[in-house]
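User: I am new to reading structures, and I would like to learn how to go from a picture to careful statements. Could you take me through one example step by step?

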Amino acid sequence: MNSESSGQIPTAETGTGWTGVVNDWAADKENFAMPWGKLMMWLFLLSDTFIFSVFLVGYMNVRMSAVDSWPNPSEVFALTIGGQHIPLILIALMTFVLITSSGTMAMAVNFGYRKDRKKTVMLMLATAALGATFVGMQAFEWTKLIHEGVRPWENPFGASQFGSAFFMITGFHGMHVSAGVIYLLVIANRVRKGHYEEKGYDIVEITGLYWHFVDLVWVFIFAFFYLW
Amino acid sequence: MSADTGQQHPIGLYLKIWALLFVLSFFSYMVDYFHFEGMLRWFLILVFMFLKAGFIVSIFMHLTWERTAMKLVILLPPVAILVLIILMAIEADYTFLTRLVFFSSS
């Protein structure tokens with residue numbers, strides 16, 4: 001393009017919408033104007049999307065083809081607190097804990113780019129603590145169900161496929177949350193030490209992408225497994 | 001790579017989305033609490049789910065502010081999942097009917 005002859009190097013910011021797509025792919029430069037780590041995290045999350053989708057589709061398949069009636073999650077996950085029987089309460093609390101952690105993470109990313117190290121570290125630690133709380137509540141939920149006789153091959157409430165779908169999906173998600181907590185702690189510690197003062201704080205956003213994705217997956221699990 | 005190339009947005013926006021996600025989660029819990037049944041239940045579950053997912057991806061994960069080329073990379077491939085859902089729903093239906101026929105005849 002001769003309009004760039006003023007010595008300006010064409011950047012990724014040329015054009016928006018479809019013009020932008022064409023320019024990004026046709027110009028003699030990197031296709032995606034972002035740090036490579038961020039692009040790789042996005043691609044990993046895309047592949048992870050497929051993993052969780054396959055689990056949820058598998059769950060749909062066994063639930064649709066089950067001859068016995070499917071256990072009512074509203075009752076299976078009910079708790080009696082202070083003599084009051086509240087349906088699905090534990091799962092609702094877990095949802096709020098995870099959403100709160102997403103909020104603190106989003107703010108950590110923001111303070112990271114402002115180079116406010118102290119607030120970034122504090123917010124990342126808060127996120128990790130909320131994530132650990134979530135995993136703890138999930139461990140409680142698993143313990144309760146296992147005591148009630150829920151197994152991957154049978155359960156006292158109805159269709160035997162319930163257990164395998166439950167342990168597989170929530171287990172894999174819980175593993176993601178646990179890994180995320182470790183990831184957050186490692187990065188928070190490095191931020192604290194000033195490791196990224198030179199490189200820039202893109203890493204906090206990358207960690208944030210992973211964390212928000214874990215929250216995103218929970219939105220789908222909550223809708224399809226617990227509410228449906 | 002200097003730090004100011006990153007995504008920088010007002011904190012207030014995050015707080016608003018955060019509050020919104022809380023409200024939407026509360027609504028989807030209410031769907032269960034008030035025992036909505038049938039199509040209305042499924043419809044409400046899906047509406048709240050997609051709204052929440054949309055806000056998380058677009059605001060918290062900053063996809064709104066990414067280039068269109070990037071949005072396509074993230075949003076286009078999952079369309080294949082729709083095909084899988086349709087195929088597996090047909091398959092599950094067939095399995096269910098087969099089970100009804102053979103489990104009841106013995």
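Analyst: We will go through the fold, the contact and the backbone angles in turn, keeping in mind that this is a predicted model.

User: Let us begin with chain B; how many helices and strands does chain B have?

Analyst: A good habit is to list the elements before anything else, and in chain B that list holds four helices and zero strands, which gives the pattern α-α-α-α when chain B is read along the sequence.

User: What is the radius of gyration of chain B, and what would a compact globule of 106 residues have?

Analyst: The idea is to set the value for the chain beside the value for a globule: chain B has a radius of gyration of 21 Å, whereas a compact globule of 106 residues would have one near 13 Å. Along the principal axes, the C-alpha atoms of chain B fill a box of roughly 70 × 35 × 15 Å, and buried residues make up 18% of the 106 residues in chain B.

User: How many residues does each chain bring to the contact?

Analyst: In general, the size of an interface is often given as the accessible area lost when the parts come together. Here we count residues instead, and the contact takes 49 residues from chain A and 47 residues from chain B. On the side of chain A that touches chain B, the elements that give two or more residues are helix 1 (17-26), helix 2 (36-65), helix 4 (89-113) and helix 7 (202-227) of chain A. Sorted by class, that side of chain A has 29 nonpolar, 15 polar and five charged residues.

User: Which domains is chain A divided into?

Analyst: Chain A is divided into domain 1 (1-33) and domain 2 (34-227), and the C-alpha centres of these two domains of chain A lie 38 Å apart.

User: What should I look for in the phi angles?

Analyst: Most residues other than glycine have a negative phi, and two residues of chain B are worth reading with that in mind. B:H35, which is not a glycine, has a positive phi of about 55°, and B:H62, also a residue other than glycine, has a positive phi near 65°. B:H35 sits in the loop between helix 1 (11-33) and helix 2 (38-60) of chain B, while B:H62 lies in the loop between helix 2 and helix 3 (68-75) of chain B.

User: Is B:H35 buried or exposed, and is B:H62 buried or exposed?

Analyst: B:H35 counts as exposed because it has 9 C-beta neighbours inside 10 Å, whereas B:H62 counts as buried because it has 21 C-beta neighbours inside 10 Å.

Terms used: Residues numbered from 1 in each chain as written. Chains lettered and ligands numbered in written order. Predicted model: local features only at pLDDT ≥ 70, side-chain atom pairs only at ≥ 80, totals over all residues. Contact = placed C-beta atoms within 7 Å. Nonpolar A, V, L, I, M, F, W, Y, C, P; charged D, E, K, R; others polar. Domains from an automatic or database assignment. Buried ≥ 20, exposed ≤ 12 C-beta atoms within 10 Å, placed from the backbone. Rg over C-alpha atoms; globule rule 2.2 N^0.38 Å.
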